[in-house]
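Proteins hold empty spaces as well as atoms, and both are worth a look. Let us take a friendly tour of the spaces in this one and then meet a few of its residues.

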Amino acid sequence: MKKISVKFLLLLVILTTALGLSACSDNDSDDNDGYEQITMQTLDDRDAPEYDYTRANKIPAEMTGYWEKSFEVNGTTRTAKVYISAETPIRSYYTVIAVPDGVNTLEFLWKSGWIATADARGEGLFVLEPGADGWGTYAEESDYVNAAISFYSGNSYFSIYGEHYLVGYGAGAPALEAYAVANPLRVIGQVYLDSEGLPSSYIESYASTEYGGENGTYATIEFPDDFEKLTYAETVLPTWYINPADAAADSIAYWQAANDCETTAQADNTYGQVYPQTDPSERWMTSYMGSISKVAVLDEALSYQKAATSEKIQNFLYYYSRYENVIGYANQLVIRANYEELGIEIGNMVVDGDVREYMIYVPESAATIWGDAAPVLFVWAGNTQTDKVFIDATSWWKVAKEEGIILVLPCEQYNASAISVSHTDNDLFFQQLRDLILNNYDADPTRLYCTGQSAGSMATQGFAIAKPWYFAAAASTSGPNYPNDDDAVQIDGFSGDLTPASHERIPNFLIYGAGDIAFFSGSLWDDETNNLDYWADYFLTVNELDPGDGSDYTSTGWYDRFYNWTWNKTYEGFDVPVFKLSLNRFRSHNCTHEEMPILWDYLKHFSIETDASDNITRYYSPSGFKIPYDEIPIYP
């Protein structure tokens, strides 16, 4: 074999460099200059986008791309950037990035792979930038960060999930971390590279802040006299420090304590020294999925420009999701649904002339447990919540995976604005989705169930009142519905025709919060008559049940958070829970993840059959149809 001369190698390097064919690059992008083709547009004084009904659950096409927004902060003009991919949905996840000093922001986002990731995932980026003289201290940057994130959290151009991923580079990291310390419920996870962290004095100024029971116009949660309130210092928040300065020791220690971490680290080839959350842990915010959080410290510098670095950061952050950003007792850190691993399908169909999105999840366990007749659960999200928001806001995918349920999540349609959604045409959409499922999947037509949250609960309860023959049972959260003075009810959303009440029976269950919407706060047995009472009165009357005095309840759940009232009827010696109500004592309006398996534990016992003459027979299975032929007829 001939030797290759040094002169030849040198000539090869010169030629490949001149032709832009460098064989070895500091980043992984196939087109390092591709960012030059991206045009920056301004959001300053821009009109809100027009509706785009051709894009089901997508930010209008005119808003996709790379944007700049300016802010006047203490007499100085500062800027932030927004990147919205072509597939970014309404209320998408965004990663908030504080870029390092001395970079061209667009070039940095391109070469580090952040734009490619946003495009691949169909998500967004919100990017904080240093001032003309570089990043200041965390205190000096506070007004800028708050102004920028305030705009990002609520504007006329795009809408967000509600909690954020944070990534801070170099001198920009402390300013971002300061936001996390002050607003921990709004952060899903955080990563800081080459950061000096925060001084203990700043951290301690927030650490002892208690989470209360007030949430805007919702009812105030009243805590028991002996109740020990949560503090910010007990907020579980996954954190990764990469090549931290010695001065970051106080920050790292704070997050280790907040996450209830083990004192001994586990070595990891990617994340360095990993301090897992103690198992079991008493932290409220992992009461549902258990000890899933961690704090990692990598004592090694990673190149900002390498897409491989960004990929490691993303793998750390995007494993997690969380929901509820005001009431600490209802907030949960959870594992985020991985669509590819789970096999979640996203589809579109035309409903009354409009393109609508829907989500279907058929877990492998559906066939394993139920063969060719799996139960089906239709899940209606709350107002402004899309299917993609609700799959993580509830983690219904986890229950479906464990129980073998086919999940169907209809997505809402544009309503209040071009970047928001609301319920419409629920009845027609359901019928089309039902036919799609029954014709194309191994589903049990006798075990279709309905659930939802808030406006989605009102849809669920509306179906239970007007068209109970659709479902074997209904169970929902924080949205009662009831017939009006004309004995009709709304099922299609906040507009549309009313449907007459059927006055037919259906097993039904509702969970609501102590700090819920004021017009159905309280209980069935207080002196105030409101929507909760009207809803309950309808179903108690239909089932010929006595409301009782409310004293016969059970306490269940984390810290006995649930008070449960159950009305039974006896059939063939079995007490069948035909109607149920639960109060979650420690949440506001948003449902909590712990409620989903409770809802399913109620629904799974019921089925419905309709004969050729449209006569309905309902059944109750004590085993949840796990034992063949144990079902008994109810509602004769």
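The lining of the largest pocket divides into 15 nonpolar, 8 polar and 14 charged residues. Please keep in mind throughout that this is a predicted model.

## Two open pockets

How much space lies in the largest pocket? The volume of the largest pocket is about 970 Å³. Its lining is made up of 37 residues, and those closest to the centre are Arg-121, Ala-337, Asn-338, Tyr-339 and Glu-340.

Several elements take part in this lining. Among those that each supply at least two residues are the helices H3, H8 (307–317), H9 (339–342), H10 (364–370), H11 (387–394) and H12. Strands S14 (345–351) and S15 (354–361) also each supply at least two residues. The largest share comes from H9, with 4 residues.

Next comes the second largest pocket, with a volume of about 590 Å³. Here 29 residues form the lining, and Arg-91, Tyr-323, Asn-325, Thr-384 and Asn-590 lie nearest the centre. By class, this lining has 8 nonpolar, 17 polar and 4 charged residues.

## Two closed cavities

How many cavities of 30 Å³ or more does a search of the whole structure find? The search finds 2.

The largest cavity is lined by Arg-356, Trp-380, Ala-381, Pro-410, Cys-411, Glu-412, His-423, Asn-426 and Phe-429. The second largest cavity has a lining of Thr-95, Trp-114, Thr-117, Ala-118, Arg-121, Glu-123, Gly-124, Leu-125 and Tyr-318. Helix H3 (114–121) and strand S5 (124–128) each supply at least two residues of the lining of the second largest cavity, and H3 gives the largest share, 4 residues. You may recognise Arg-121: this residue lines the second largest cavity and is also listed among those closest to the centre of the largest pocket.

Here are the two cavities side by side.

| Cavity | Volume | Lining by class |
|---|---|---|
| Largest cavity | about 40 Å³ | 5 nonpolar, 2 polar and 2 charged residues |
| Second largest cavity | about 30 Å³ | 4 nonpolar, 3 polar and 2 charged residues |

## A helix with a buried side

Now turn to helix H12, residues 396–403, where Trp-396, Trp-397, Val-399, Ala-400 and Glu-403 are buried. Where do these residues sit around the helix axis? They cover an arc of only 160°, so they are on the same side of H12. Just after H12 comes Gly-404, which has a positive phi, near 75°.

## Four residues to visit

Start with Val-351, in strand S14. Is Val-351 buried or exposed? Its relative accessibility is 0%, so Val-351 counts as buried. Beyond its neighbours within four places in sequence, Val-351 is in contact with Arg-356, Asp-425, Leu-428, Phe-429 and Gln-432. Two of these names, Arg-356 and Phe-429, also appear in the lining of the largest cavity. Along the chain, Val-351 and Ala-116 are 235 residues apart, and their C-alpha atoms are separated by 33 Å.

Another valine, Val-297, is found in strand S11 (residues 294–298). Val-297 has a relative accessible area of 11%, and residues under 20% count as buried, so Val-297 is buried. Not counting residues up to four places away in sequence, Val-297 touches Trp-240, Tyr-241, Pro-244, Ile-252, Tyr-271, Gly-272, Gln-273 and Tyr-275. Tyr-192 is 105 residues away from Val-297 along the chain, and 9.9 Å separates their C-alpha atoms.

Asn-57 belongs to the loop between strand S1 (40–42) and strand S2 (65–73). This residue is buried, with a relative accessible area of 2%. Which side chain makes a polar contact with the side chain of Asn-57? The partner is the side chain of Asp-387, at 3.4 Å.

Last on the tour is Lys-604, in the loop between helix H16 (595–603) and strand S28 (606–610). Its relative accessibility is 19%, and the cut-off for buried is under 20%, so Lys-604 counts as buried. Leaving aside its neighbours within four places in sequence, Lys-604 is in contact with Arg-447, Tyr-449, Gly-624 and Phe-625.

Conventions
Residues are numbered from 1 along each chain as its sequence is written. This is a predicted model: local features need pLDDT of at least 70, side-chain atom pairs count only at pLDDT 80 or more; totals for chains, interfaces and linings use all residues. Side-chain values use heavy atoms; hydrogens and water are left out. On a 1 Å grid over the protein atoms alone, a cavity is a set of points where a 1.4 Å probe fits but cannot get out, and a pocket is an open set with protein on both sides within 12 Å along at least five of seven lines; lining residues have an atom within 4 Å of a point. Grid points are joined across faces, edges and corners, and a volume is the space filled by probe spheres set on the points. Ala, Val, Leu, Ile, Met, Phe, Trp, Tyr, Cys and Pro count as nonpolar, Asp, Glu, Lys and Arg as charged, and the others, Gly among them, as polar. Buried means under 20% relative accessible area, exposed over 50%, partly exposed in between (1.4 Å probe, protein chains only). A polar contact is a pair of N or O atoms within 3.5 Å; within protein, one must be able to donate a hydrogen and the other to accept it, and residues adjacent in sequence count only if both atoms are side-chain atoms. Contact means heavy atoms within 4.5 Å. The arc is that of the directions from the helix axis to the C-beta atoms.
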